[in-house]
Each structure stands twice: as C-alpha cells, then as structure tokens.
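Visitor: I have a structure to look at and some terms to test. Will you take them one at a time?
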Amino acid sequence: MSAVDDLLAVQDEDTTADQIRHRLAHLPERATFEAALAERHSVDADREGVRLERLELDRRQKRAEADVEAVVTRMQELNRRLYDSGISSPREAREIQQEVDRLTPRQDDLEERVLEIMEEIDPVDARLRELDVLAEAGDAKIAEAQAVLAGTEEGLAEDLTSAGDRRRVAAAEVPADALDRYERLRGVFGASTVAGFDGSDCRVCPLSMPAVEVDRVKHLEVGTLTDCTECGRLVVR
Ligand SMILES: [Zn+2]
C-alpha cells in the first residue's frame, strides 16, 4: 500500500468510528430502556396514590370499628344493670331502657358503616394487586431492555476499538506532515477530507477545477497528495 492508500484507510477508519459513535448516541435500544424506566415510574406513582387511599380507608375502618365497640360496651353495661343487679327505682329502669332503645339503631348504623368501608376497600385492594403485577412485569421489562442495550453497546465498543487499532496501523505508514494536514482539515471536511482525482476533477468538489489546476494535478506522479485549490480538500493524484 502507498502512503496515500494508508491515508485513505485512516480516513475510512475515522468515518467508521464516527458512524459507530453516532449509533451509540442514538441507540433505539436506549430509548426502549428509558421508556421502560418511565413506564415503571408511572406505575410507582399510581401505586403510591392508591396506597395512600388504602391507608385512609384503613383509618376510617378502625375508627368506625372503635365506635361500634364503644356502643357495644355501653349496651352490655346497660343490660347488666337492667337484668343482673338491683335497680333502685322504676324511673331508673325506664331511663336505662330508653338509652338501650336509642343505642340499638345507633349500633346498626355504625355496623353498616363498617361494612360500607370494607366494600370500598375491596376494589382498592384489587387495584393494588393489579399494580403489583404491573410493577413486576415492568421490572422484568427494564432488566431485559437493559441487557439488550448493554449487549449492543458492548458490540459497538468492540467495533470502535477495532477501528481505532486499524487506524493506528494505517496512520503509522502515513508521513507525519500528510497526517497532520489531514487531521487539521478533517474538522471541516469530515469523511471527504481526502478526495480522489477522476482525471479532470477533484471527485467531491462542488465546482469544476480550473483547466490550469487540472493540468497541474495531471502532471503529478500517481499517488501524490496535493491540495484542491477549488474546495481546499486533499486530492490524491
Ligand atoms: Zn476540490
């Protein structure tokens, strides 16, 4: 291989490396992974909301049950006084009976309220179980997407290393000044920094070379590197 071929090889490897880096920066596998993470966070947010709702229902249930318990205790006490121990007067007995009569529907109401709260709890618990299943499926999806992403990244990183190795081998054969010119111009011209000469023009030139310039290049030895005065790229005779 001539030094010019080696320089073209350097350019090819730089182009390859740029393409790999571009792919790494725009991997659909990463978008899939990030979408799985976002989906999982949304399940967590939903779950937190439902969990708070469940806590509130739990609190209401306990309070209603405590109310029932207080009424039941009071009724037991009243009944004990009515039937077990001596009552001093018919008036006292009447008063106790009146309170029992008042408390009986109250106990029914409170027990009814406990049942209503428990009915409210059922669908909330079902929703929590549903969200648990979604969270588990989400975790599996994240793990899978992460593995796929890591596999792709690993493969591309290896490709990048290989391109770098091949570039180093080729660059070692290119004269330092030519490599230096190439590296300075590459920031401007990228993958077409070094262009071929098709016998009448610089191959990638947007404009035609002037006749006198064509003539100059034509008379160079094949394999010589020169500047295209039209576009500023490096041209290989
Ligand atoms: Zn040109």
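Visitor: How do you know what share of the contacts in the chain with a separation of 6 or more comes from residues 24 or more positions apart?
Guide: This is a predicted model. A contact here needs heavy atoms within 4.5 Å. Of the contacts with a separation of 6 or more, 68% join residues 24 or more positions apart.

Visitor: What does the radius of gyration of the chain say when set against a compact globule of 237 residues?
Guide: The globule would come to near 18 Å. The chain has 43 Å. The box around the C-alpha atoms is roughly 135 × 35 × 25 Å along the principal axes.

Visitor: What makes up the secondary structure of the chain?
Guide: Five helices and three strands. In sequence order the pattern reads α-α-α-α-β-α-β-β.

Visitor: How do you know that the span of helix H4 agrees with its 14 residues?
Guide: H4 covers residues 176-189. The expected span takes 1.5 Å times one less than the number of residues. That gives 20 Å, and the end C-alpha atoms lie 19 Å apart, so the two agree.

Visitor: Which residues of H4 are called buried?
Guide: Buried means under 20% relative accessible area. In H4, Ala178, Leu179, Tyr182, Arg186 and Phe189 meet that mark. Over the chain, buried residues make up 32% of the 237.

Visitor: What covers the buried residues of H4?
Guide: The cover includes two helices, H1 (3-25) and H3 (90-171). It also includes strands S1 (194-196), S2 (225-227) and S3 (234-236).

Visitor: What follows H4?
Guide: Gly190 does, and its phi is positive, near 55 degrees.

Visitor: Why is Gly223 called partly exposed?
Guide: Partly exposed lies between the buried limit of 20% and the exposed limit of 50%. Gly223 has a relative accessible area of 28%, so the term fits.

Visitor: Where is Gly223, and what is in contact with it?
Guide: Gly223 sits in the loop between helix H5 (211-218) and S2. Beyond its neighbours within four places in sequence, Gly223 touches Val4, Val236 and Arg237. Val212 is 11 residues from Gly223 in sequence, and their C-alpha atoms are 20 Å apart.

Visitor: How many side chains are positive and how many negative?
Guide: There are 33 positive and 54 negative side chains. The centres of the two sets lie 4 Å apart.

Visitor: What belongs to carbon and sulfur atoms?
Guide: A 52% share of the accessible surface, which comes to about 14700 Å² for the chain.

How values were computed
Residues are numbered from 1 along each chain as its sequence is written. This is a predicted model: local features need pLDDT of at least 70, side-chain atom pairs count only at pLDDT 80 or more; totals for chains, interfaces and linings use all residues. Side-chain values use heavy atoms; hydrogens and water are left out. Helices (H or I, at least four residues) and strands (E, at least two) are DSSP runs, numbered from the N terminus. The radius of gyration is taken over C-alpha atoms; the globule rule is 2.2 Å times the number of residues to the power 0.38. Buried means under 20% relative accessible area, exposed over 50%, partly exposed in between (1.4 Å probe, protein chains only). Accessible areas come from the Shrake-Rupley method with a 1.4 Å probe; for residues, only the protein chains shown count as cover. Lys and Arg count as positive and Asp and Glu as negative; His and the chain ends are not counted. The place of a charge is taken as NZ of Lys, CZ of Arg, CG of Asp or CD of Glu.
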